[in-house]
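Grab a coffee and open the viewer. Below are a few exercises, each with a solution worked out in steps.

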Amino acid sequence: MARQNYMFTSESVSEGHPDKLCDRISDAVLDAFLAEDAEARVACETFATTDRVVVGGEVRGPQAVIDSVEDIARKCVRDIGYEQEGFHWNTFKMDNYLHDQSSDIAQGVDAAGNKDEGAGDQGIMFGYAVDETKELMPAPIHYAHAILSRLAEVRKSGAEPTLGPDAKTQLSLEYVNGKPVSVSSIVLSTQHMDESMSSQDVRDVVEPYIRDILPESWITPKTAWHVNPTGKFVIGGPDGDAGLTGRKIIVDTYGGAAPHGGGAFSGKDPTKVDRSAAYAARYLAKNVVAAGLAKRCVIQLSYAIGVAKPLSIYADTYGTGTVHEAEIERAIAEVMDLTPRGIREHLGLNKPIYQRTAAYGHFGRAPEADGGFSWEKTDLVDVLKRTV
């Protein structure tokens with residue numbers, strides 16, 4: 001029997017966090033390749049520190065995109081908002097070490113003769129859904145993302161010019177009878193551009209937006225607030241702390257509420273099952289919950305490099321299912337082709353739709369008209385109901 005009364009905490013970081021800035025650049029490079037060649041192969045990593053950005057990795061695609069990487073990176077940093085001494089979009093030094101994909105990897109992944117396209121690597125991927133928010137996401141990570149997304153909006157609009165790009169937040173929620181009912185604590189650290197601001201000054205700026213985001217009844221007199229608890233936070237971004245692609249994998253997914261296979265997403269084209277199979281697993285788990293087959297569901301998929309079909313499919317509904325997990329596993333295999341090519345075609349992943357995923361979570365977002373966040377659709381509900 002799952003616990004019903006407990007406290008759970010998740011964190012999120014803003015688009016200006018050094019690691020998220022690197023995720024953004026890597027995904028922008030990926031989008032540039034896919035815009036020119038839907039079958040491009042990309043594994044792009046980014047490192048950022050004081051006054052420097054380094055991009056490297058393995059690609060197979062137009063040379064013109066490789067040549068444009070510096071411009072891509074500068075546009076990302078400018079949009080995020082870094083114009084500070086130590087890290088400015090127009091003056092940082094840029095190193096580009098992208099090179100051709102290994103032929104050994106290519107021969108395992110590419111289709112040839114009677115061989116279907118194989119997975120780009122071995123690994124395990126998890127997808128998760130729970131009915132505690134309308135997005136079928138865990139509440140702590142959902143609201144942590146929403147707070148930082150809102151603060152970015154008012155910063156960029158000019159409504160709150162004292163806020164800087166680098167920020168992070170953490171929410172601890174109290175659960176009663178398995179549902180979130182109140183906020184035990186709110187932690188928010190945000191860069192600010194006015195050096196004279198105290199922690200209380202920063203709280204005065206951000207608190208109204210936090211209250212607008214969270215359900216009104218959740219903030220109580222017992223809620224503990226920790227806003228810029230270390231005091232001044234003026235030096236931010238890569239000038240304050242180095243960043244690297246793929247270091248916020250729990251922020252990117254479910255905030256620790258579900259298992260994680262360990263693979264990062266950003267900078268990887270959809271032949272890499274680290275990304276595409278994790279999206280497929282979320283899509284399937286969300287449709288299981290949306291279909292009323294469970295209140296909470298995790299799906300695990302596993303793959304071997306060069307092998308098309310998944311090695312295993314596992315479902316767990318934590319005792320909330322209306323049908324046995326074995327029936328869900330069987331149905332999943334019937335309603336969706338879970339080979340790398342099948343996933344890409346079903347979800348329409350060979351499109352330049354990834355830069356927007358780099359901050360505020362890959363899951364729990366609304367599907368978009370151009371195919372962005374297609375894995376958040378619930379269009380398998382009817383067929384799942386018929387299949388189980």
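Before we start, a definition: helices here are DSSP runs of H or I with at least four residues, strands are DSSP runs of E with at least two, and both are numbered from the N terminus. Keep in mind that the model is predicted.

**Exercise 1. Find N177 and Y360, and work out how their surroundings differ.**

Step 1: start with the backbone. N177 has a positive phi of about 55 degrees, even though it isn't a glycine. Y360 is another non-glycine with a positive phi, near 70 degrees.

Step 2: place them. N177 sits in the loop between β8 and β9. Y360 belongs to the loop that runs between α10 (340–347) and α11 (381–387).

Step 3: check accessibility. The cut-offs you need are under 20% for buried and over 50% for exposed. N177 comes out at 56%, so it counts as exposed. Y360 has 11%, so it counts as buried.

**Exercise 2. Check the length of helix α6, then look for a bend and for its packing partners.**

Step 1: α6 covers residues 199–213, which is 15 residues. The expected span is 1.5 Å times one less than the number of residues, and that gives 21 Å for α6; its end C-alpha atoms are 21 Å apart, so the two agree.

Step 2: where does α6 bend? At V206, by about 40 degrees, with a proline, P208, following within four residues.

Step 3: list what is buried. In α6 that is V202, V205, V206, E207, Y209 and I210. These buried residues pack against α5 (139–157), β8 (163–176), β9 (179–192) and β10 (224–227).

**Exercise 3. Do the same length check on α3, and describe the setting of A73.**

Step 1: twelve residues at 1.5 Å each should make α3 span 16 Å, and its end C-alpha atoms are 17 Å apart, which agrees. Right after α3 comes G81, with a positive phi near 115 degrees.

Step 2: A73 is found in this helix, residues 69–80. The buried residues of α3 are V69, I72, A73, R74, C76, V77 and I80.

Step 3: zoom in on A73. Its relative accessible area is 0%, so it is buried. Setting aside neighbours within four places in sequence, A73 is in contact with I25, F92 and M94.

**Exercise 4. Is Y254 buried or exposed, and what does Y254 touch?**

Step 1: look in the loop between α7 (249–252) and α8 (273–290) for Y254.

Step 2: its relative accessible area is 2%, so Y254 is buried.

Step 3: not counting residues up to four places away in sequence, Y254 touches S10, F126, G127, Y128, M137, P138, I141, R282 and F363. For a sense of the fold, Y254 and P140 are 114 residues apart in sequence but 8.8 Å apart in space, C-alpha to C-alpha.

**Exercise 5. Describe the largest pocket and its lining.**

Step 1: the largest pocket has a volume of about 490 Å³. It is lined by 21 residues, and the closest to its centre are A2, R3, Y6, G178 and R296.

Step 2: which elements give two or more residues to the lining? They are β1 (6–13) and β7 (123–130).

Step 3: sort the lining by class, and you get ten nonpolar, five polar and six charged residues.

Technical notes:
Residues are numbered from 1 along each chain as its sequence is written. This is a predicted model: local features need pLDDT of at least 70, side-chain atom pairs count only at pLDDT 80 or more; totals for chains, interfaces and linings use all residues. Side-chain values use heavy atoms; hydrogens and water are left out. On a 1 Å grid over the protein atoms alone, a cavity is a set of points where a 1.4 Å probe fits but cannot get out, and a pocket is an open set with protein on both sides within 12 Å along at least five of seven lines; lining residues have an atom within 4 Å of a point. Grid points are joined across faces, edges and corners, and a volume is the space filled by probe spheres set on the points. Ala, Val, Leu, Ile, Met, Phe, Trp, Tyr, Cys and Pro count as nonpolar, Asp, Glu, Lys and Arg as charged, and the others, Gly among them, as polar. The bend at a residue is the angle between axes fitted to the seven residues ending there and the seven starting there. Buried means under 20% relative accessible area, exposed over 50%, partly exposed in between (1.4 Å probe, protein chains only). Contact means heavy atoms within 4.5 Å.
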